[in-house]
Amino acid sequence: MGERCCVAVVRVLVLQAAWALSGGQVRYSVPEEAKAGTVVGRLAQDLGLEAGEAEARRLRLVAPGRRASVEVSGASGALLVSSRLDREELCGKSAPCALRLEVLLERPLRVFHVQLEVTDINDNAPVFPAARRNLSIAELTTPPGSRFPLEGASDADIGANAQLTYTLSPSEHFSLDLQKSNDANIEPELVLTKSLDRETIPVHRLVLTATDGGRPSLTGTMELVISVLDTNDNAPQFNQSVYKVQLPESAGVGTLVTRVNATDADEGVNSEVTYAVTNFIPPSGKDVISINPNTGEILLTGTLDFEQVKVFNFRIEARDNGTPPLTGHFKLVLEVVDVNDNAPEVWVTSLSVPVPEDASLGTVVALLSVSDRDSGENGHVRCWVWPASPFGLEATFAGSYSLVLREALDRERVSEYEVEVRAEDGGAPALRASRGLRVPVSDMNDNAPLFAQAVYTVLARENNAAGAELARLWARDPDEAANGRVSYSVWDGGVGVGGGGAAGSSSSGVGWRPASSYVSVDAESGRLWALQPLDYEELQVLQFEVRAVDAGEPPLSGNATVQLFVLDENDNAPALLPPEGSAAEAGGVAAAEAAVALAGAGSESGTLWAWAAWGAPAGQVVAKIRAVDADSGYNAWLRYELWEPRGKGPFRVGLYSGEVSTARALDEADGPRQRLLIVVRDHGEPARSATATLSVSLLEAAEAALAAGSSSSSLAAVSRSAAGVELGAGAASAATNVWLVVAICAVSSLFLLAVVLYGASRWAPRAAVLSAPGPTTLVCASEVGSWSYSQRHSRSLCVADGAAKSDLMVFSPNFPPPPPAPAAKDTQPEPSALLDTVSANTLTFKNSKYLFSEEGTSMEEAQPERVTASGNGGGTNIHFAKQMCRRQLGRRYGACEAAEQRTVSLQAQERVRVGGSAPVRRRARL
């Protein structure tokens, strides 16, 4: 025996060696459902290849006949899972499941055979042929122990994963028996363990579960529906043995007495029941009722009379259609009930309508009479009113009632009442009767007109047509006829005209215009009309009252406030403003704006003038165009556009600022003068515009500086005189060289004259007092200084070496004044006279602080408030100034009087020196 084994082993080894020499074979095993990329085996190593040799010799897999689910990695030479492996799909129920693969290796060409075994996993649950199985078993006739074969489940897996066991859900009537077949399969059988009763449980629902032997195990289920077949084993049954029914004697033929119902626990024909009446007591009851054999309805077929028969007895039978048929019985007792067959009657004997809505409580509206022909409780009548308010019933005597007023009436709430007087007797069932009354309510004027809104907001565009409808007002008066007829009128409101607009205020005291001059209201319809076109610039808001008055007696009224808002329209074009008259600022911008101011003041054609120096850098502001639009909002938003010259000119204008600046550096090629046409537009629809012409003179840098200085001096003179300065047309051509020379000479002359006067005043005797043809008036300036003007012209002489702001202005009248009139020092003129007598004789101290010295004595600084005193026709109002100086200075008032005397002397000296009466302004150090 041992020799035979050795021989067999040798033979196997020889066959394996021969197979290896002929090509070789490798075996691998992998479980199904392995993930893609799982390494099955190191194929290159198992084939004896060196590292890198598998890729060099192009080791690859050849799967004949089917798509391979594995692949060879070219880099490592390992055999990998490339797609899903399903053993049941590849091999079905065959075991083992082996895949034969061929591996090809080049240089030299060799073929290797690889066997891949796919092992089974428990990935398939048991499956029954059907999800539900229906069985029918008869009750009572099917004995316990009866068997009912069931079809088992199947599992696609193999081995232990396909070994199935069965279980049945718990039941007292059924159990499960498992039988093994010849092929080792298990066949389940259902066994009846207890008799069935359809009336108890008509349908049994069980669950058969199959479980495989895998780990973890999987299960499959099938529902068993067992229907119990019926047999006629139950008789019809009524829910009670005696039925008692009461019917009134007035019940008519066809009245349903009752409906009987017998139930049979069986089903089908065994449960179908028919009804019949078998016994009648008394026999006359045969003509009283009948029964429907199918539905069990018992109907009245004759009339009932309580005085003849009070009770009927009937026997009712129910029979099923089973074999044999079974029956059930019950007793029906019909009691006849006496009824109240006479209803009460109600009559109206007196009615007083309509009722005024201000009628007092207790007012009798109607008289009524009530009766019933029945007797006893059936003839006892109870009466009431519906609805319960505002009327009520009062019993006067038996069978008589009065309808009286219980609550106050309001016609506007209820104008008419439908009253129903109801009567009910004491019968069973009770009979009722009713009588309707119509009670109208007459109107009284007790409601004032009421507007739908306390305040109406009306929007109207300006420039509307006269007679245009603005709004419609409506006031409601719930009264009727004349008491509810409303008329409308404009009652109150207005606007101050000339001051710009808000309702209810007379701005500037110009005048007051009532609202009725702007709007009118139709007396009947309440339509609000515009009497004239509205102007937003004159009137923005108009508020007034509208009164509604009814035609009642006495009339009542109601008011509503109307707020009329005027909406702006773009009906005003931009208006150019004169250039600002402020002092020159630093740099070329100040000179340019000063030039524009002078040119604008002296140009009759509206042309503005400005200076610019050649070589000025880009972005330097030359002038500023100022404009205003009388409209508001978007209509007043202005933008500035350079209309001429177009293209790449040397100047540009700010879109919204109006500043004219250089667009690039200026040179001589731009010419001596540039004429700019600037259009100012608003943002209205349609837009409106205005045109400004700006003439810019291009000068040398030095000439531009001198022109700027001359313009600044002229502008300062205009600022001190505050208005009324008119420059000649020649100032408009100040850009020419001739006028530049004149300007330089004028400035030099003024400077030399100032130096001479300064030296003269420096060494002039201080105590000299000169006489003057007329008195002067002292004015003590405030801390902010003062400014004065002459309607002629003035000269400024700088002679002080002290503070630059300490100056003295002396003005002489242009006509010889009359002799001075003496004025009492103790007499103070009336303030009104002082304020109304203003002339050209004015003396102003332009400083916030003055230092006086009298006979070599220094005094503290005084801060007198600004006071203006004037003389009229050579007279004097100096006392008011003296009083103010005395009040401010106190003991220092003497210094103020000394300053006055020196002022008079200085005025006289100046008059003698110039030899005329032209006003001269002299600056002297005090």
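Select A471 first: its bridge partner in β39 is L528, where strands are DSSP runs of E covering at least two residues and numbered from the N terminus. Before moving on, note that this is a predicted model, in which local features need pLDDT of at least 70 and side-chain atom pairs count only at pLDDT 80 or more, while totals for chains, interfaces and linings use all residues. Residues are numbered from 1 along each chain as its sequence is written, and side-chain values use heavy atoms, with hydrogens and water left out.

**Stop 1: strand β39 and its partners**

Now select residues 527–530, which make up strand β39, and follow the side chains as they alternate: L528 and A530 point to one face and are buried, while R527 and W529 point to the other face and are not. Here buried means under 20% relative accessible area, exposed means over 50%, and partly exposed lies in between, with a 1.4 Å probe and protein chains only. Add strand β34 (residues 469–472), which runs antiparallel to β39 and is joined to it by three bridges; two strands count as paired if DSSP finds at least two bridges between them. Then add strand β38 (residues 519–521), also antiparallel to β39 and joined to it by three bridges, with V519 as the bridge partner of A530. The hairpin of β38 and β39 has five residues between the strands, and G526 takes a positive phi near 75° there.

Stay with β34 and show the side chains of E469 and R472, which meet in a salt bridge at 3.8 Å, N to O; the term stands for a side-chain nitrogen of Lys or Arg within 4 Å of a carboxyl oxygen of Asp or Glu. E469 is partly exposed at 38% relative accessible area, and R472 is partly exposed as well, at 49%. Elsewhere, R198, E199, D230 and E267 are joined into one network by salt bridges that share partners.

**Stop 2: the sheet that begins with β1**

Which strands make up the next sheet, and in what order? Select β1, β7, β6 and β3, which follow one another in that order in an open sheet of four strands with mixed pairing. Strands β1 (25–31) and β3 (60–62) stand at the edges with a single partner strand each, so one side of each is left without a neighbour in the sheet. Neighbouring strands of this sheet are turned by 35° against each other on average, direction ignored, with axes being lines fitted to C-alpha atoms and angles running from 0 to 180 degrees between N-to-C directions. Within the sheet, β6 (residues 97–105) and β7 (residues 110–119) pair in the antiparallel sense over nine bridges, and R100 stands opposite Q115 in β7.

**Stop 3: the sheet that begins with β8**

Move on to the open sheet of four strands ordered β8-β14-β13-β10, which has mixed pairing. Its edge strands are β8 (132–138) and β10 (165–168), each of which pairs on one side only, and the twist averages 25° from one strand to the next. Seven bridges join β8 to the parallel strand β14 (residues 219–229), and S136 can be picked out opposite S227 in β14.

**Stop 4: two further salt bridges**

The count of salt bridges comes to 29. One of them pairs the side chains of R147 and E189 at 2.9 Å, N to O. R147 lies in strand β9 (residues 147–149) and E189 in strand β12 (residues 186–192), so the pair ties together parts that are 42 residues apart in sequence. Is each partner buried or exposed? R147 counts as partly exposed at 44% relative accessibility, whereas E189 is buried at 19%. Next select R422 and E420, whose side chains meet at 2.4 Å, N to O; R422 is partly exposed at 28%, and E420 is partly exposed at 24%.

**Stop 5: a covered strand and a surface patch**

Select strand β43 (residues 607–613), which is mostly covered, with six of its seven residues buried. Seven bridges join β43 to the parallel strand β50 (residues 689–699), and L608 stands opposite L694 in β50.

Finish at the surface with Y634, W637, L655 and Y656, which form a nonpolar patch with about 440 Å² of accessible area together. Patches are made of residues with over 30% relative accessible area and no salt bridge, with like charges joined within 9 Å and nonpolar side chains (Val, Leu, Ile, Met, Phe, Trp, Tyr) within 5 Å; accessible areas come from the Shrake-Rupley method with a 1.4 Å probe, and for residues only the protein chains shown count as cover. Within this patch, L655 sits in the loop between β47 (651–653) and β48 (659–662), and L655 is partly exposed, with a relative accessible area of 42%.
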